[in-house]
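Trainee: Can we go through the terms used for this model, one by one?
Mentor: Yes. Ask what each label rests on.

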Amino acid sequence: MAEVADERHESARVSRFLVGLARGLAGALLFSIPMLMTMEMWFLGFYMDRERLLLLLVLNLPLLVGLSHRIGFERTATWRESARDAIVAYGMGVAASALILVLLGVITLDMAPREWVGMVALQAVPASIGALLGRSQLSMQDEDADDEQDGADPSQEANTGYLTELFMMAVGALFLSLNLAPTEEMILLAYKMTIWHALALMALSMMLMHGFVYALAFKGGHSLQEETPVWHAFVWFTIPGYVVALAVSLYSLWTFGRLDDLGMAEALLTLVVLGFPAAIGAAAARLIL
């Protein structure tokens with residue numbers, strides 16, 4: 001009887017994993033389509049600095065492992081299982097990106113390997129993140145609840161501390177930054193702004209971050225204890241979250257070479273511009289992840 005029960009449990013676990021893979025593929029397509037159909041991203045695959053591209057690909061792997069440990073295809077009990085799911089998600093991101101770029105006629109047989117490899121590698125980063133996000137965003141609530149009850153692990157339940165919150169904000173900020181950092185609009189908008197515009201946009205970014213999570217009662221939002229002063233969450237989460245969003249934006253702009261020919265003032269204004277959607281992404285990550 002015990003063997004039969006074990007076989008059924010293993011079969012159910014494999015079934016959940018395969019369903020998770022299908023959701024991952026759907027998530028990879030859903031979250032990466034805007035970038036797969038953006039001309040700037042195609043061209044960056046041709047000419048962007050190969051060392052920066054390699055660094056982006058390398059840094060994406062531990063990010064995926066952490067994300068998988070939090071919301072992977074299935075409940076994972078060990079970091080080894082999370083690493084396995086992260087590698088699977090990376091592979092799905094590569095496959096989904098290559099498939100869509102070929103179907104759209106962006107990758108053709110007469111292209112040099114360096115060109116299509118660059119395009120697929122660059123697009124695989126957001127697609128792989130989308131593959132893991134697909135599990136949390138495309139799964140049914142009841143099924144997830146069963147999944148959690150069946151495979152709950154105390155180590156994961158405890159993994160919702162302060163650093164985890166900052167990590168999830170960085171993931172959300174990176175996802176939106178990767179969408180917008182390659183575009184010329186970031187530099188154009190910075191060119192149109194004054195220092196007062198920048199200061200107002202910074203204030204608005206932090207207000208929206210705080211409001212999304214604490215004031216607007218969105219699903220997944222956080223509520224303050226009665227004895228907790230209002231400023232506590234702002235100082236403890238919102239301001240550090242905005243700093244994380246700016247740091248991620250700075251890395252994204254540097255990776256795509258958007259700061260290379262800018263002066264200090266223009267670079268800071270461009271950073272503030274990209275920090276706006278990055279802050280929104282960071283706040284959204286706290287709600288949905």
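**Helix packing and the core**

Mentor: Start with two helices in this predicted model. Helix H8 (residues 162-180) packs against H12 at an angle of about 135°, and their axes lie 7 Å apart.

Trainee: Why is H8 called oblique to H12?

Mentor: Set the angle of about 135° against the cut-offs. Roughly perpendicular covers 65 to 115 degrees, and roughly antiparallel starts over 145. The angle fits neither class, so H8 is oblique to H12. The crossing of H8 past H12 is right-handed.

Trainee: Which residues in H8 meet H12?

Mentor: Among them are Met-168, Met-169, Gly-172, Ala-173 and Leu-176. On the H12 side, the list includes Leu-274, Pro-277, Ala-278 and Gly-281. The residues of this contact divide into 11 nonpolar, three polar and two charged.

Trainee: What makes Pro-277 buried?

Mentor: Its relative accessible area is 13%. Buried means under 20%, so Pro-277 qualifies. Pro-277 sits in helix H12. Leaving aside residues up to four places away in sequence, Pro-277 touches Leu-176 and Leu-180. Pro-277 and Gly-172 are 105 residues apart in sequence, yet 9.7 Å apart in space, C-alpha to C-alpha.

Trainee: Which residues touch the most other members of the largest nonpolar core?

Mentor: Leu-67, Leu-122, Ile-129, Leu-133, Met-209 and Phe-256 do, within a core of 67 residues. Helix H12 (residues 264-288) gives the most to this core, with 12 residues.

Trainee: What does the second, separate core include?

Mentor: That core has eight residues, including Leu-36, Ile-100, Val-106 and Met-111.

Methods:
Residues are numbered from 1 along each chain as its sequence is written. This is a predicted model: local features need pLDDT of at least 70, side-chain atom pairs count only at pLDDT 80 or more; totals for chains, interfaces and linings use all residues. Side-chain values use heavy atoms; hydrogens and water are left out. A nonpolar core is a set of buried Ala, Val, Leu, Ile, Met, Phe, Trp, Tyr and Cys residues joined through side-chain atoms within 4.5 Å. Buried means under 20% relative accessible area, exposed over 50%, partly exposed in between (1.4 Å probe, protein chains only). Helices (H or I, at least four residues) and strands (E, at least two) are DSSP runs, numbered from the N terminus. Axes are lines fitted to C-alpha atoms, for helices over the stretch in contact, and angles run from 0 to 180 degrees between N-to-C directions. Angles under 35 degrees count as roughly parallel, over 145 as roughly antiparallel, 65 to 115 as roughly perpendicular and the rest as oblique. A crossing is left-handed if the near helix is turned anticlockwise from the far one by less than a right angle, and right-handed if clockwise. Contact means heavy atoms within 4.5 Å. Ala, Val, Leu, Ile, Met, Phe, Trp, Tyr, Cys and Pro count as nonpolar, Asp, Glu, Lys and Arg as charged, and the others, Gly among them, as polar.
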